[in-house]
Amino acid sequence: MAQQVRAVVARGKGSPVSLETIIVPDPGPGEALVRIQACGVCHTDLHYREGGINDDFPFLLGHEAAGVVESVGEGVTDVAPGDFVILNWRAVCGQCRACRRGRPWYCFDTHNAEQKMTLLDGTELSPALGIGAFAEKTLVHAGQCTKVDPAVSPAVAGLLGCGVMAGIGAAINTGNVGRGDSVAVIGCGGVGNAAIVGARLAGAATIIAVDIDDRKLETAQRMGATHTVNSQATDPVEAIRGLTGGNGADVVIEAVGRPETYRQAFYARDLAGTVVLVGVPTPEMKLELPLLDVFGRGGSLKSSWYGDCLPSRDFPMLVDLHLQGRLDLGAFVTETIALDEVEKAFDRMRNGDVLRSVVVF
Ligand code: APR
Ligand code: ZN
Ligand code: ZN
């Protein structure tokens with residue numbers, strides 16, 4: 001029996017989101033119905049609402065979520081009703097050329113639920129990142145559910161489903177930060193601060209936080225930055241070199257997604273160092289660099305999709321580290337809000353007032 005639940009829907013470009021009743025079908029083969037307990041508010045939700053991703057309105061927003069599996073469809077064996085899960089937006093297929101080569105975190109054919117959730121009049125909804133979790137219940141592909149220790153608070157766990165995983169993964173997976181490394185992080189929002197936490201977890205000795213907002217730099221210090229640089233007051237490339245014996249950092253993580261901050265990252269890294277781009281640029285942005293510098297400075301220039309994470313490997317591990325007190329994920333939850341406060345949370349996000357607002361059900 002299909003169910004009716006309350007959900008946050010974006011009906012048109014730029015208009016405020018509305019709380020609506022939607023219809024969620026029973027899970028079909030390979031699908032799972034999840035009762036959502038918490039869902040973080042991410043920039044990507046706002047991008048959807050503003051029509052910046054595509055025009056497939058109406059969108060069912062929300063994608064940084066944790067909850068309990070209510071029922072599963074035919075053939076689902078990895079999760080069962082009652083399991084506490086974090087939702088991921090890259091359910092790997094196991095069969096594409098990346099998966100077959102043993103690099104499933106690059107999977108080029110990730111899965112979502114096949115059946116559509118709809119408005120009461122039957123209009124099909126487009127769930128954000130194939131999830132749509134600003135809803136009491138949502139329908140996903142079972143591979144989008146990763147079981148973790150239920151002792152963790154749902155508000156904290158959900159954040160691993162997107163931004164926090166992207167940042168931690170940018171440091172530990174993509175950047176391969178190691179013991180004793182120097183790391184600089186440009187842009188210290190939710191993603192950048194997660195990169196700082198990841199760098200610390202990996203044993204980085206020097207962690208330099210760069211931002212244009214002093215409030216973010218204060219947070220970065222609490223998260224484990226050893227030095228902070230306000231790049232409006234100080235040239236960040238000079239400052240990072242100065243803090244690393246004149247050389248530049250081993251790994252520089254760009255968590256803004258703009259050409260000027262990318263250029264800073266490029267020149268603030270040591271010879272043969274690594275730049276990781278985890279901030280997401282917009283289509284009109286262009287980067288210009290002397291090709292001789294790209295060659296002459298060596299090293300690697302990488303981008304990090306979703307922190308190059310493998311949910312089945314990384315989510316349970318990070319939850320365990322959190323439960324052991326070795327990874328303070330709670331620090332990312334600035335506030336918990338109700339389902340009808342998502343629009344207000346977007347405003348706070350734009351003002352830079354929060355790392356994360358999290359809807360709890
Ligand atoms: N130099 C340094 N920091 C900057 C600059 C700049 N020129 N411009 C903005 N920032 C800082 C902001 O002050 C803020 O602290 O970058 C941070 C961005 O943080 P958020 O807006 O909270 O965004 P976040 O959720 O961390 O995502 C960062 O990753 O996933 C992508 O789409 C997302 O591109 C975005 C990026
Ligand atoms: Zn694949
Ligand atoms: Zn997100």
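The following dialogue reads strand pairing, a ligand shell and a domain contact in a predicted model.

Biologist: In which sense do strands β1 and β2 pair, and over how many bridges?

Modeller: Pairing is read from the bridges between two strands. Here β1, residues 3–10, runs antiparallel to β2, residues 18–24, and seven bridges link them. Within this pair, V9 faces S18 of β2.

Biologist: Which strand is joined to β2 by two bridges?

Modeller: That strand is β7, residues 118–119, and the sense is again antiparallel. The residue opposite T118 of β7 is I23.

Biologist: Which residues come nearest to ligand 1?

Modeller: A shell is read by the distance of each C-beta atom from the molecule, with a cut-off of 6 Å. Ligand 1 has 24 residues around it, and the nearest are G187, G189, V191, G257 and G279.

Biologist: Which element gives the most to that shell, and what classes of residue does the shell hold?

Modeller: Helix α5 gives the most, namely three residues. At least two residues each come from α4 (163–174), α5 (190–201) and β12 (206–211). The shell divides into 11 polar, 10 nonpolar and three charged residues.

Biologist: Where do the domains lie along the chain, and how many residues does each bring to the contact?

Modeller: The domain assignment places domain 1 at 3–161 + 328–360 and domain 2 at 167–305. Their centres, taken over C-alpha atoms, are 29 Å apart. Five residues of domain 1 and seven residues of domain 2 take part in the contact. On the domain 1 side, three are nonpolar, one is polar and one is charged.

Note on methods
Residues numbered from 1 in each chain as written. Chains lettered and ligands numbered in written order. Predicted model: local features only at pLDDT ≥ 70, side-chain atom pairs only at ≥ 80, totals over all residues. Helix = DSSP H or I, 4+ residues; strand = E, 2+ residues; numbered from the N terminus. Nonpolar A, V, L, I, M, F, W, Y, C, P; charged D, E, K, R; others polar. Domains from an automatic or database assignment. Contact = placed C-beta atoms within 7 Å.
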